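Dear colleague,

Please find below the structure for your review. My notes on its core and on one buried polar residue follow.

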Amino acid sequence: MEKHKIRINGIWFEVDGFGYEPTQLDGEEAGRSDDFSMTRDVGGLNNKLYAIFNDLDKWYGEELSKLIKLIDLTECELYWFSAKEYEWVTKRMYLTISKIDYTFINNEPYLTNPVEIHFIQMDVDYIW
């Protein structure tokens, strides 16, 4: 499989770039004490992935429609090649999509500006 592709609910998309933002989640015991020392109580890791679509020649007609329809999803199963794990990973995510600008050329919709889809992990990865 090609590592520059992702699968969202069984549908493959070719992406032009990825971004990754891990966020450690603190538990109830985390914080500063009266003497200002810091206590960490890491409860887990919440992963965020950014898929970048900026090859405007690829995103028109039915392919653009497939991309726009993702805004209807309240959550999804994302399958991608993780640079961190160095293997294919599947996680339950919810997603947000940046503004989608398009125009019509010969009665076909064409993407006119890059689009980012942000995937935020629904479950927490526990770390030790």
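**Nonpolar core**

The largest nonpolar core (buried Ala, Val, Leu, Ile, Met, Phe, Trp, Tyr and Cys residues joined through side-chain atoms within 4.5 Å) comprises 21 residues, and those with the most contacts inside it are Ile 6, Ile 8, Phe 13, Phe 53, Leu 67, Leu 78 and Phe 119. At least two residues of this core come from each of β1 (5-8), β6 (42-53), α1 (61-68), β7 (76-82), β8 (87-97) and β11 (115-121); helices (H or I, at least four residues) and strands (E, at least two) are DSSP runs, numbered from the N terminus.

This is a predicted model: local features need pLDDT of at least 70, side-chain atom pairs count only at pLDDT 80 or more, and totals for chains, interfaces and linings use all residues. Residues are numbered from 1 along each chain as its sequence is written, and side-chain values use heavy atoms, with hydrogens and water left out.

Leaving aside residues up to four places away in sequence, Phe 53 touches (heavy atoms within 4.5 Å) Phe 13, Leu 67 and Ile 117, among others. In α1, Gly 61, Leu 64 and Leu 67 are buried (under 20% relative accessible area, 1.4 Å probe, protein chains only; exposed is over 50%, partly exposed in between). These buried residues fall within an arc of 120° seen down the axis of α1, so they line one face of the helix; the arc is that of the directions from the helix axis to the C-beta atoms.

**Gln 121**

Gln 121, in strand β11, counts as buried at 4% relative accessibility. Its side chain makes a polar contact with the side chain of Asn 47 at 2.5 Å (a pair of N or O atoms within 3.5 Å; within protein, one must be able to donate a hydrogen and the other to accept it, and residues adjacent in sequence count only if both atoms are side-chain atoms).

With kind regards
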